[in-house]
Amino acid sequence: MSDATELSKDPAPDPAEDNAFFPSPYSLSKYTAPKTDFDGVQHKGAYTGGRWKVLMIGTDERYLLTEDGKFFSTGNHPVEMLLPLHHMMEAGVDVDVATLSGNPVKLELWAMPEEDKAVMETYEALKPQLKQPMKLSEVVADKLGPESDYIAVFIPGGHGAVIGLAESEDVTETLDWALANDKYVITLCHGPAALLAAARGKDKSPFDGYSLCVFPDALDTGANLEMGYLPGRLRWLVADLLEKQGVEVLNSEITGQTHQDRRLLTGDSPLASNALGLLSADVLVEAAKE
């Protein structure tokens, strides 16, 4: 294997789109690995009721426009999506997948840990839904309400989560429903961008006064540019806007930190995926019993 110092820090061109780029080889050597820290589940088959499900809102967008007009070729981070879901599904909770448009979920496949059995099995199990998800507006119209079978809303990270979710009326209505009906909201890394939608049409965000973990802005304005993970500066920063809405950001680094504030469960980065999955399975199994 080549020494990481010999790898290019230039973002790698994506030939599918003009002026679009994948992360640099150097940054991928630092940020990705063939396996995760998964070391087993704690609630295998604990829920057998057959009713409760998690609604996952995935991104259907691939290209994130940066300040200088370049595109970052992104999507949902596969570890941040699939490892938390593995814990929930193994506990016996089903998953429904939705996107804003009903078009397929986009994944950052360059981050897929292909030697990780748990992640890859979950990917294969969910692949049909990832390719043909529900349209979120139809979920809002037909599947939400006091008697809904959803016990939680899950919004995985990856920079693709900052494209559209924060401005979506359907995300606003989904979060309003979750808060009004004491459902869990689970998200990590850049996924909390979606929480910004909760403030749409209101004097203040219903998450004002909450605390959470999120991907640090300092990395997106510093190291991610220096190592060529991003091809340009982001047009807005997730933690910055959350703090302006009255949300307390607990972390300044990525250490795998997770946090629960009421029914909001968050993690700071891909490093938190396994721990957030364990935490999610804990709370959902208990909630299902109730």
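Start with the enclosed space: this predicted model holds one cavity of 30 Å³ or more. The volume of the largest cavity is about 30 Å³.

Select the lining next. Show Val 41, Gln 42 and His 43, then add His 87 and Ala 91. Finish with Gly 277, Leu 278 and Ala 281. Colour the lining by residue class. Four residues are nonpolar, four are polar and none is charged.

Which helix gives the largest share of this lining? Select residues 273-289. This is helix α9, and three of the lining residues come from α9.

Now go back to His 87, which lines the largest cavity and is one of the buried residues of α2. Select all of helix α2, residues 78-90. The helix has 13 residues. Put a distance between its first C-alpha and its last: the span is 17 Å, close to the 18 Å expected at 1.5 Å a residue.

Is α2 enclosed or open? With under 20% relative accessible area as the cut-off for buried, 11 of the 13 residues of α2 are buried, so the helix is largely enclosed by the rest of the structure. Highlight the buried set: Pro 78, Val 79, Glu 80, Met 81, Leu 82, Leu 83, Pro 84, Leu 85, His 86, His 87 and Met 88.

Show the neighbours next. The buried residues of α2 pack against strands β3 (53-57), β6 (94-99), β8 (150-155) and β9 (184-188). They also pack against helices α3 (117-131) and α9. The last of these, α9, also supplies three residues of the cavity lining.

Last stop: Gly 92. This residue follows α2 and has a positive phi, near 110°.

How values were computed. Residues numbered from 1 in each chain as written. Predicted model: local features only at pLDDT ≥ 70, side-chain atom pairs only at ≥ 80, totals over all residues. Heavy atoms only, no water. 1 Å grid on protein atoms, 1.4 Å probe; cavity = no way out; pocket = protein on both sides within 12 Å on 5 of 7 lines; lining within 4 Å. Points joined across faces, edges and corners; volume = space filled by probe spheres on them. Helix = DSSP H or I, 4+ residues; strand = E, 2+ residues; numbered from the N terminus. Nonpolar A, V, L, I, M, F, W, Y, C, P; charged D, E, K, R; others polar. Expected span 1.5 Å × (residues − 1). Buried < 20%, exposed > 50% of the residue type's maximum accessible area, 1.4 Å probe, protein only. Contact = heavy atoms within 4.5 Å.
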